[in-house]
Amino acid sequence: MLGTVRALDAVVVGSGPNGLAAAIVIARAGRRVVVFEAEPVPGGGARSAALTLPGFVHDVCSAVHPFARGSPFFRTLPLDRFGLEWIEPPAMLAHPFDAGPAALIHRSIERTAAGLGRDARAYERLIGSVVGAWPRLEAAVLGPLRWPAHPLALARFGIRALASAESAARAFATERGRALFAGIAAHGMLPLDKRPSAAFALVLAAMAHVAGWVIARGGTQQLTTALVEYLRSLGGEVVTSARVGSLDELPPTRAVLCDLSPKPLLALAGARLPAWYRRKLESYRYGMGAFKIDWALGGPIPWRDPDCALAATVHLGGTFREIARSERAAWEGAIAEEPFVLLAQPSLFDPSRAPDGRHTAWAYCHVPHGSTADMVPRVEHQIERFAPGFGARILARSVMTPADLERHNANLVGGDIAAGVVDLRQLFTRPTWRTYATPLEHLYICSASTPPGVGVHGMCGYFAARLALARSLRD
Ligand SMILES: Cc1cc2nc3c(=O)[nH]c(=O)nc-3n(C[C@H](O)[C@H](O)[C@H](O)COP(=O)(O)OP(=O)(O)OC[C@H]3O[C@@H](n4cnc5c(N)ncnc54)[C@H](O)[C@@H]3O)c2cc1C
């Protein structure tokens, strides 16, 4: 049995942002909670490490944090007092093209629209309407399915969001507008002609204006450190290098919250779950994987369009068609020769990430579930296409295949960084219609495999913990 010194109200398995959020909600309610984390360092998808050379700090998984800064729960926590500082780059996103200037998303909608020429009005209408309604939408978008407080605003948003990116992008008249929209939609890890791929573009683009596509000074680990330290200040405990193999190993407690996706949850609790629920979890669908690369660089990325250096995030995929082809290929089990690459360059805005004059870069592309293909040449070719001379700046690289991602975090089955396909069938009813609850009265799920799903926002943990407090942890 995993030891603990005190009698417990709740155990959280896993210290990802949702596990820590759940523990904080429980500790803030005055209950005794401990988090068991398998890895030596807490954080799950919110970690940093020296993956390449000494002195270079890389974000192992998440790097850019519109959701964390905009999270209705994290916003209520005094994380700045525990060392968290957000850095907002001059631009939120750059999307370069083979010819002509890059499209940029700025914090200001008007400035962003002005850069889109003929598509200025379309951007203001499509994204501006979501930004304007965000205070009425955020509880519904970043929470479980329930009767909305603002049904009209949600209905208006829903009509657009539940469409495919392909049909929503028809609002744009130019290739620049369509391609910019496609790159943001592709975060959803769905083919762009599949519903609700438009939702990712609408929400993430709106978050650029509402919260900013920010990075954490010192690396994403700083967010985790702040969450852990705040939890400790409330009396909560985090035990690392403590892999939980089965529910039987846990100390006596009134509630167990698992920051796990269905496959590792089945490994942990399967024997105790009724067969019908086990079957439901077994039929949960994981999606395409990610192939991730981190580089230590001798200098900044030599973008052909210098405006690409204004943003921490750069989308490399050129046109709508090329991005759509790449996402469709990964979905269908094929390798895209020109993969859509999501790149971050945090050291441009945070000198603590690399030694003087040196830089870091972080990138991934989508690949088929569990793919073993080596994407390094294809990804570096895409960067070179928009930044000739990139290859000559590489000092070292770290590579994570889908299998590596799963090895380092059991939640990422087949390298699926969204912890499960986010299509209409698994958008609201993740991982089953019971969402956070299970047939075992004291067992809850609090990972990104519950609503609202992927992203570092802690909202899955928040809602799961509120349910546990109401059901299992009432006085
Ligand atoms: C490569 C990559 C890039 C990403 N980029 C971004 C981004 O830029 N912005 C963004 O918002 N999101 C991003 N994400 C997604 C984000 O990281 C996840 O959605 C988020 O971390 C999910 O949080 P979680 O708490 O649900 O689970 P996780 O972060 O997956 O944490 C689960 C934790 O549980 C632990 N665990 C598993 N099994 C056990 C066990 N048996 N016993 C004890 N502990 C266990 C794991 O070690 C892990 O620490 C990215 C993810 C990846 C992989």
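This tour visits one helix, the helix packed against it, and two sheets of a predicted model.

**First stop: helix H16**

Select residues 459-471, which form helix H16. Its 13 residues reach 18 Å from the first C-alpha to the last, close to the 18 Å expected at 1.5 Å a residue. Next, colour the buried residues of H16: Met459, Cys460, Gly461, Tyr462, Phe463, Ala464, Ala465, Ala468 and Leu469. To see what covers them, display helix H1 (17-28), strand S10 (255-258) and strand S16 (443-445), which are among the covering elements.

**Second stop: the packing of H1 and H16**

Keep H1 and H16 in view. Two packed helices are described by the angle between their axes and the distance between the axes. Here H1 and H16 pack at about 35°, and their axes lie 7 Å apart. The crossing of this pair is right-handed. On the H1 side, select Asn18, Ala21, Ala22, Val25 and Ile26, which make the contact. From H16, the contributing residues are Met459, Cys460, Gly461, Tyr462, Ala465, Arg466 and Leu469. The residues of this contact comprise nine nonpolar, two polar and one charged.

**Third stop: the five-stranded sheet**

Strands S10 and S16, which help to cover the buried residues of H16, lead to an open sheet. Its five strands follow the order S9-S2-S1-S10-S16, with parallel pairing. The edges are taken by strand S9 (237-239) and S16; each has a single partner strand, so one side of each is left without a neighbour in the sheet. Ignoring direction, neighbouring strands of the sheet are turned by 20° against each other on average.

Zoom in on strand S2 (residues 33-36), which pairs with S9 in the parallel sense over three bridges. Label Val34, which stands opposite Glu237 in S9. Then add helix H9 (residues 221-233), which packs on the sheet and touches S2 and S9. The direction of H9 makes about 130° with that of S9.

**Fourth stop: the seven-stranded sheet**

Turn now to another open sheet, whose seven strands run in the order S7-S6-S12-S13-S14-S11-S15 with mixed pairing. Strand S7 (103-105) and strand S15 (394-400) stand at its edges; each has a single partner strand, so one side of each lacks a neighbour in the sheet. From one strand to the next, the twist averages 20°.

Finish at strand S6 (residues 91-95), which runs antiparallel to S7 and is joined to S7 by three bridges. Select Ala94 to find Leu104 of S7 opposite.

Key:
Residues are numbered from 1 along each chain as its sequence is written. This is a predicted model: local features need pLDDT of at least 70, side-chain atom pairs count only at pLDDT 80 or more; totals for chains, interfaces and linings use all residues. Side-chain values use heavy atoms; hydrogens and water are left out. Helices (H or I, at least four residues) and strands (E, at least two) are DSSP runs, numbered from the N terminus. The expected span of a helix is 1.5 Å times one less than its number of residues. Buried means under 20% relative accessible area, exposed over 50%, partly exposed in between (1.4 Å probe, protein chains only). Contact means heavy atoms within 4.5 Å. Axes are lines fitted to C-alpha atoms, for helices over the stretch in contact, and angles run from 0 to 180 degrees between N-to-C directions. A crossing is left-handed if the near helix is turned anticlockwise from the far one by less than a right angle, and right-handed if clockwise. Ala, Val, Leu, Ile, Met, Phe, Trp, Tyr, Cys and Pro count as nonpolar, Asp, Glu, Lys and Arg as charged, and the others, Gly among them, as polar. Two strands pair if DSSP finds at least two bridges between them.
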